[in-house]
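Me: I'd like to learn how to read helix packing and empty space in a protein model. Could you walk me through one?

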Amino acid sequence: MTEYLRIDAIHKQFGATPVLKDVNLTIFKGEMVCFLGPSGCGKTTLLRIIAGLETQSAGTIAQAGKDISNLPPMLRDYGIVFQSYALFPNLTVADNVAYGLTNRKAGRAVIRQRVAELLTLVGLPDSGAKHPGQLSGGQQQRIALARALATSPGLLLLDEPLSALDARVRVRLRQEIRQLQQRLGVTTIMVTHDQEEALSMADRIVVMNHGVIEQIGTPSEIYREPATPFVADFVGKANMLPATVRDDGAIQVGDIGLQCVRGRNALTSGARVSLFLRPEDFVVRGVDAQAGNTLRGRIEKMEFLGAFCRVSVQVDGLAGTELLADLSYHDMTEFGLQQGSPLNLAVLGDRVRIFGEDQRRVQ
Ligand code: ATP
């Protein structure tokens, strides 16, 4: 993998307020990276600093081995797409796409051919003579993408490009953008607050919170091996149970002892920890089963979600704590489960993740 973009110790303050704190990140050539985080975590500011639209308070950025930290936007090598399309309404679609090429004083014939190529690439070969106002939101965003790619930039920056679109168009466009990105092999950074978008599109996800990077990882690492309770909770659904490490190495949750520590690790007796389990991590057992490592409770609420049923379970011995469990249709029918049913949920040690008091994952 070739290093393409290197972000070193970036800090940013607006007045006295720090919004990015010591951000370090390396992005490789051809990668698609998503910046994911809640509103206000600093992801757009970081993207804008990479674009030169905002100036960092400290730190450096290198692109393709060249320090670009202080270059103005027009001397940087990127194309950008914004949430709001930002097409020029008075120009035709063809002129919008040609914009960067015209600025670079490319010849007319070259421009015409490149525009035709790009419009075909984004699936709108016959739209050149139209004006943006005559296109749907999804079509306008495709044109914005064509415009961003016109000069064959080394880096493609996407700032919440799908947020303004309706759900069906979003899903289709996210597949299209990902396919296009892979076909062109263009290094891409996309800002999003939509976890599904990030999980489905990215090679790697950068999860941000309060101006710091909480974790950098592949979608499955972020989902299955979250580095912090914040990541566990922000991406997907999480059950988080406060617990204590017992002398015998078991984990005490309320009145229940669970064997879920794998091997010998840094857990010391008496340490306070949090157990993390996804709703799909439980295994349903019959109510008469005597197997250990089982949480026994009652189904309080059920939500039918098509492929599975999400149930809230009031667990005995957990002082009112409700757990979320995703049960398959087969579980529901095999065990005859409905609201109010008793339910036994086995906890498999290898599915449990454990966070220490310092918020770092210890298993
Ligand atoms: P969102 O998804 O809501 O855009 P974000 O994660 O992209 O959120 P940023 O837009 O980067 O967050 O903003 C980070 C913080 O910096 C916010 O608290 C925001 O209010 C603040 N901020 C952003 N731009 C400016 C500015 N020009 N002047 C002052 N504060 C700003």
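Reply: Happily! Let's begin with an enclosed space. The lining of the largest cavity is made of seven nonpolar residues, one polar residue and no charged ones. Keep in mind that this is a predicted model.

Me: How does one find such a space, and which residues line the largest cavity here?

Reply: The general idea is that rolling a probe the size of a water molecule over the atoms shows where empty space is left. In this structure, the largest cavity is bordered by Leu 145, Leu 149, Leu 156, Ile 177, Leu 180, Gln 181, Leu 184 and Val 186. Two or more of the lining residues come from each of α4 and α5 (167-184). The biggest share is that of α5, with four residues.

Me: What is the volume of the largest cavity, and how many cavities of 30 Å³ or more are found in the whole structure?

Reply: The volume of the largest cavity is about 30 Å³, and the search of the whole structure turns up one cavity of 30 Å³ or more.

Me: Now the open spaces. How much space lies in the largest pocket, and which residues are closest to its centre?

Reply: The largest pocket holds about 610 Å³ of space. It is lined by 20 residues, and those closest to the centre are Tyr 78, Gly 79, Ile 80, Tyr 99 and Gly 100. At least two lining residues come from each of β6 (78-81), α2 and α4. By class, the pocket lining has 12 nonpolar, four polar and four charged residues.

Me: Helix α4 keeps turning up. How should I read its packing?

Reply: Two packed helices are described by the angle between their axes and the distance between the axes. Take α4 and α5: their axes are 11 Å apart and the packing angle is about 20°. An angle under 35 degrees counts as roughly parallel, and that makes α4 roughly parallel to α5. The crossing is right-handed. On the α4 side, Gly 138, Gln 141, Arg 142, Leu 145 and Leu 149 meet Val 169, Arg 172, Leu 173, Glu 176, Ile 177, Leu 180 and Leu 184 of α5. This contact comprises seven nonpolar, two polar and three charged residues.

Me: And how do α2 and α4 cross: roughly parallel or roughly antiparallel?

Reply: The axes of α2 (residues 93-103) and α4 (residues 137-149) come within 6 Å, crossing at roughly 30°. The two helices are therefore roughly parallel to each other. Their crossing is right-handed. Val 93, Asn 96, Val 97 and Tyr 99 of α2 make the contact with Ile 143, Ala 146 and Arg 147 of α4. Sorted by class, that gives five nonpolar, one polar and one charged residues.

Me: What about α2 and α3; at what angle do their axes cross?

Reply: Roughly 120°, with the axes of α2 and α3 (residues 108-121) coming within 9 Å. That makes α2 oblique to α3. Here the contact brings Val 93, Ala 94, Val 97, Ala 98, Leu 101 and Thr 102 of α2 together with Ile 111, Arg 114, Val 115, Leu 118 and Leu 119 of α3. Nine of these residues are nonpolar, one is polar and one is charged. The crossing of α2 and α3 is right-handed.

Me: One last residue: where is Phe 234, and what does it touch?

Reply: Phe 234 sits in helix α8 (residues 229-234). Leaving out residues up to four places away in sequence, Phe 234 touches Leu 36, Gly 37, Pro 38, His 193 and Gln 195.

Note on methods: Residues are numbered from 1 along each chain as its sequence is written. This is a predicted model: local features need pLDDT of at least 70, side-chain atom pairs count only at pLDDT 80 or more; totals for chains, interfaces and linings use all residues. Side-chain values use heavy atoms; hydrogens and water are left out. Axes are lines fitted to C-alpha atoms, for helices over the stretch in contact, and angles run from 0 to 180 degrees between N-to-C directions. Angles under 35 degrees count as roughly parallel, over 145 as roughly antiparallel, 65 to 115 as roughly perpendicular and the rest as oblique. A crossing is left-handed if the near helix is turned anticlockwise from the far one by less than a right angle, and right-handed if clockwise. Contact means heavy atoms within 4.5 Å. Ala, Val, Leu, Ile, Met, Phe, Trp, Tyr, Cys and Pro count as nonpolar, Asp, Glu, Lys and Arg as charged, and the others, Gly among them, as polar. On a 1 Å grid over the protein atoms alone, a cavity is a set of points where a 1.4 Å probe fits but cannot get out, and a pocket is an open set with protein on both sides within 12 Å along at least five of seven lines; lining residues have an atom within 4 Å of a point. Grid points are joined across faces, edges and corners, and a volume is the space filled by probe spheres set on the points.
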